[in-house]
Amino acid sequence: MDHYLLPLVSRENIAEGTMTFSFDLGSGEYSFRAGQHAELTLLDPPHTDAKGNLRVFSFTHSPKNTRSLFFATRMRDSAFKKSLAELLLGTKVKVSRAMGNMTLHKDDAKPAVFLAGGIGITPMRSIIEWAFEESSRHQLFLFHANRTIRSMPFFNDFEQWARSHERFTFIPTLSDEGDQEWHYERGRVDHAMIAKYVEDMSSAIYYLAGPPPMVATMWQLLVDAGISEDVIKSEEFGGY
């Protein structure tokens, strides 16, 4: 099936300016791989503009959850986002089949290094949750850059997982100096920050997701560090 009509069953504020939306699968079947994404189309939305009624969102959860589909997004002042925020529970949206190749590599001898900016964290949350459920032997490193702690989605999930899974290292970093009680990293992710946690950078597979300028900067940082482009996977999240 190329698309599914699924009802909105819940929405929740999970960080400053960020919401998660869940859609009920009912008795239907929907398959995807952790890290993939889908197209969401609003049907007869209350607000429209030239950008249209379709957007692409990554799944935020493990494929092992077969009851609902979860997506998260920054809420902007676009027609699509305003319509999404105003949808009545029970309203159906069109969801495409799953797409994308940003999935966890098979060789668990190679560490996975996730470099996320803002809402780019969504496919990485899906991959990491699935890896735990599969009892994966991959060493996982998650670097997540945000302006403030209030704008950091899924922070509590990752912090708890880091305490529970010895093969997972969570490295959040903030660019805003206002959070005085912060005990993690500060500033932009750079070569020195990655090397502080990843002992052998040349042995890892890298996953990049976030705003296009951030993804481009991280890609160049890795290439300048001698990392082959063949071991870098990326997705860009525009501010629509």
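# Exercises on a two-domain predicted model

Tyr4, Phe23, Tyr30, Phe32, Phe57, Phe59, Phe71 and Phe80 form one aromatic cluster. The exercises below concern a predicted model, and each is followed by a worked solution.

## Exercise 1. Aromatic pairs

Determine how many aromatic pairs the model contains, and classify the pair of Phe57 and Phe71 by its geometry.

*Solution.*

Step 1. Applying the criterion that ring centres lie within 6.5 Å, one arrives at 20 aromatic pairs.

Step 2. For Phe57 and Phe71 the centres are 6.3 Å apart and the planes stand at 55°, so this pair is tilted.

Step 3. Phe57 belongs to strand S4 (residues 54-58) and Phe71 to strand S5 (residues 68-74); the pair therefore ties together parts that are 14 residues apart in sequence.

Step 4. Phe57 has a relative accessible area of 5% and is buried. Phe71, at 2% relative accessibility, is buried as well.

Step 5. A second pair serves for contrast: Phe158 and Trp161 are edge-to-face, with 5.6 Å from centre to centre and 80° between the planes. These two residues are three apart in helix H3 (residues 155-164), and about one helical turn therefore separates them. Phe158 is buried at 0% relative accessibility, and Trp161 is buried with a relative accessible area of 14%.

## Exercise 2. The antiparallel sheet and helix H1

Establish the strand order of the sheet with antiparallel pairing, and identify which strands helix H1 touches.

*Solution.*

Step 1. The sheet is open and has six strands, in the order S4-S3-S6-S1-S2-S5.

Step 2. S4 and S5 are the edge strands, each pairing on one side only. Direction ignored, neighbouring strands of this sheet are turned by 40° against each other on average.

Step 3. Strand S3 (residues 37-41) pairs with S4 in the antiparallel sense over five bridges. Within this pairing, Glu39 has Val56 of S4 as its bridge partner.

Step 4. Helix H1 (residues 79-86) packs on the sheet and touches strand S1 (3-15), strand S2 (18-24), S3, S4 and S5; its direction makes about 70° with that of S4.

Step 5. The buried residues of H1 are Ala79, Phe80, Lys81, Ser83 and Leu84. They pack against S1, S2, S3, S4 and S5. Phe80 is also a member of the aromatic cluster named at the outset.

## Exercise 3. The parallel sheet and its helices

Find the edge strands of the sheet with the order S10-S9-S8-S7-S11-S12, and describe how H3 and H5 are placed.

*Solution.*

Step 1. This open sheet of six strands shows parallel pairing. Its edge strands are S10 and strand S12 (232-236), each pairing on one side only.

Step 2. Seven bridges support the parallel pairing of strand S8 (residues 140-146) with S9; in it, Phe141 has Thr169 of S9 as its bridge partner.

Step 3. H3 packs on the sheet, in touch with S8 and S9, and its direction makes about 140° with that of S9.

Step 4. Helix H5 (residues 212-224) lies across strand S7 (112-117), strand S11 (205-210) and S12, and runs at about 160° to S11.

## Exercise 4. The environment of strand S11

Is S11 largely enclosed by the rest of the structure or largely open, and why?

*Solution.*

Step 1. Six of the six residues of S11 are buried, so the strand is largely enclosed by the rest of the structure.

Step 2. Ile205, Tyr207 and Ala209 point one way from the strand, whereas Tyr206, Leu208 and Gly210 point the other way; all are buried.

Step 3. S7 is joined to S11 by five bridges, and the two run parallel. Here Leu115 has Leu208 as its bridge partner.

Step 4. S11 and S12 also run parallel and are joined by five bridges, with Ala209 opposite Glu235 in S12.

## Exercise 5. Domains and a loop residue

State how the protein is divided into domains, how many residues of each are in contact, and where Glu177 is found.

*Solution.*

Step 1. The division gives domain 1 (3-96) and domain 2 (112-236). Their C-alpha centres lie 24 Å apart.

Step 2. Across the boundary, 18 residues of domain 1 are in contact with 20 residues of domain 2.

Step 3. Glu177 is in the loop between strand S9 (168-174) and strand S10 (185-186). At 52% relative accessibility, this residue counts as exposed.

Step 4. Glu177 and Gly187 are ten residues apart along the chain, and 8.8 Å separates their C-alpha atoms.

Terms used
Residues are numbered from 1 along each chain as its sequence is written. This is a predicted model: local features need pLDDT of at least 70, side-chain atom pairs count only at pLDDT 80 or more; totals for chains, interfaces and linings use all residues. Side-chain values use heavy atoms; hydrogens and water are left out. Rings of Phe, Tyr and Trp (its six-membered ring) pair if their centres lie within 6.5 Å; planes under 30 degrees apart count as stacked, over 60 as edge-to-face and the rest as tilted. Helices (H or I, at least four residues) and strands (E, at least two) are DSSP runs, numbered from the N terminus. Buried means under 20% relative accessible area, exposed over 50%, partly exposed in between (1.4 Å probe, protein chains only). Two strands pair if DSSP finds at least two bridges between them. Contact means heavy atoms within 4.5 Å. Axes are lines fitted to C-alpha atoms, for helices over the stretch in contact, and angles run from 0 to 180 degrees between N-to-C directions. Domain bounds come from an automatic or database domain assignment.
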